[in-house]
Amino acid sequence: MITDEPAFSIVSDVVCYRAPKAKLMMLPKTDTGDFIRNCIKTFAPTHLISLERPGKAANGHYHSMRGEVLDDMITDSALFLSEAKKSGATTISIGDGGNEIGMGHIESYAIEDIVDHGDEIACTVPTQELIVAGCSNWGGHAFVCSLYAMGHREVAGLLDEQWHRGVLANITAAGGLDGVKLVNIPTVDGLSERQYYSQINALSQLAR
């Protein structure tokens with residue numbers, strides 16, 4: 001797992017809590033290209049997954065869904081995609097707002113016509129496969145559910161609502177914010193608990 005410096009401490013807490021054997025690395029702002037090439041060479045991934053990661057828009061900036069410029073928070077990681085593809089890996093992205101890596105897979109006008117600030121934030125970076133959801137977490141959970149349905153029972157624990165509640169509680173305790181409300185509460189994208197977990201549970205039930 002790889003993330004940027006601003007998110008590293010929060011992601012680290014969650015990884016220690018739910019995936020203590022996983023390796024978490026920080027994407028450096030200097031010598032980024034060498035770091036990325038070394039990662040692909042060392043880990044030789046079969047799949048590279050980008051989840052809710054802002055990508056460059058046509059104006060060369062990284063944006064939030066609200067149109068805010070995030071250049072000081074995001075390190076360019078598009079090289080991961082080309083290097084992974086070159087090594088034979090499949091690149092997959094998951095997003096919800098049009099500003100994420102992978103949305104270059106969609107014609108920009110589709111984002112511009114549907115999403116607020118779409119003409120400004122639409123990411124131009126594509127991936128081979130793209131999962132679009134009303135909430136990126138739901139897209140990530142749908143991906144996990146598809147693995148379970150295909151027979152990968154090792155992900156069974158992730159289908160339980162309490163697993164997700166535990167992660168969210170850990171993120172909140174580490175200082176994480178609801179991405180829409182921008183307050184330190186255990187909710188996602190401004191959704192009520194009923195809205196959020198009803199979709200999680202519906203996907204899990206479908207997988208089972």
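Contact here means that heavy atoms come within 4.5 Å of one another. With that in hand, a good place to start in this predicted model is helix α7, whose buried residues pack against α1 (5–18), α6 and α8. Those buried residues are H164, G166, V167, L168, N170 and T172. The helix itself has 13 residues and runs 18 Å from its first C-alpha to its last, close to the 18 Å expected at 1.5 Å a residue. Just after α7 comes G175, with a positive phi near 105 degrees.

V167 gives a closer look at this helix. The residue sits in α7 and has a relative accessibility of 13%; buried means under 20%, so V167 counts as buried. Leaving aside residues up to four places away in sequence, V167 touches V14, Y17 and R18. As for C135, that residue is 32 places from V167 in sequence, and the two C-alpha atoms are 16 Å apart in space.

Next comes α8 (residues 193–207), one of the helices that α7 packs against. Helix α8 has 15 residues and spans 21 Å between its first and last C-alpha, close to the 21 Å expected at 1.5 Å a residue. Its buried residues are Y196, Y197, I200, L203, S204 and A207. Looking down the axis of α8, these fall within an arc of 120 degrees, so they line one face of the helix. The general rule behind such a pattern is that an α-helix has 3.6 residues a turn, so residues three or four places apart point the same way. On the face of α8 turned away from the buried side are the exposed residues R194, Q205 and L206. The buried residues, for their part, pack against α6 and α7 (161–173).

Now for the strands. Three of them make an open sheet, in the order β3-β4-β5, with parallel pairing. The edges are β3 (47–51) and β5 (129–132), each of which pairs on one side only. On average, neighbouring strands in this sheet are turned by 15 degrees against each other, ignoring direction. Helix α6 (residues 136–149) packs on the sheet and touches β3, β4 and β5, while its direction makes about 140 degrees with that of β4.

The pairings can be followed strand by strand. Between β3 and β4 there are five bridges in the parallel sense, and I49 stands opposite I92 in β4. Strand β4 (residues 90–95) also pairs with β5, again in the parallel sense, over four bridges. In that pairing, G95 stands opposite V132 in β5. As a general point, side chains in a regular strand alternate between the two faces of the sheet. In β3, the covered face holds L48 and S50, and the uncovered one holds H47, I49 and L51.

What about the greasy interior? The largest nonpolar core has 19 residues, and F35 and F80 are the ones with the most contacts inside it. The elements giving two or more residues to this core are α2 (32–43) and α3 (79–86). Helix α2 supplies the largest share, four residues. F80 touches I2, L27, F35, I36, C39, I40 and L48, again not counting residues up to four places away in sequence. There is also a second, separate core of nine residues, which includes W138, V188, L191 and I200. I200 has already turned up above, among the buried residues of α8.

Finally, a couple of backbone oddities. Most residues other than glycine have a negative phi. A44 goes the other way, with a positive phi of about 45 degrees although it is not a glycine. This residue lies in the loop between α2 and β3. Is A44 buried or exposed? With a relative accessible area of 52%, A44 is exposed, because the cut-off for exposed is over 50%. H117 also has a positive phi, near 65 degrees, and is likewise a residue other than glycine. H117 is found in the loop between α4 (108–114) and α5 (118–121). At 38% relative accessibility, H117 counts as partly exposed.

Technical notes:
Residues numbered from 1 in each chain as written. Predicted model: local features only at pLDDT ≥ 70, side-chain atom pairs only at ≥ 80, totals over all residues. Heavy atoms only, no water. Pairing = 2+ DSSP bridges. Axes fitted to C-alpha atoms, helices over the stretch in contact; angles between N-to-C directions. Expected span 1.5 Å × (residues − 1). Buried < 20%, exposed > 50% of the residue type's maximum accessible area, 1.4 Å probe, protein only. Arc of directions from axis to C-beta. Core = buried A, V, L, I, M, F, W, Y, C linked by side-chain atoms within 4.5 Å.
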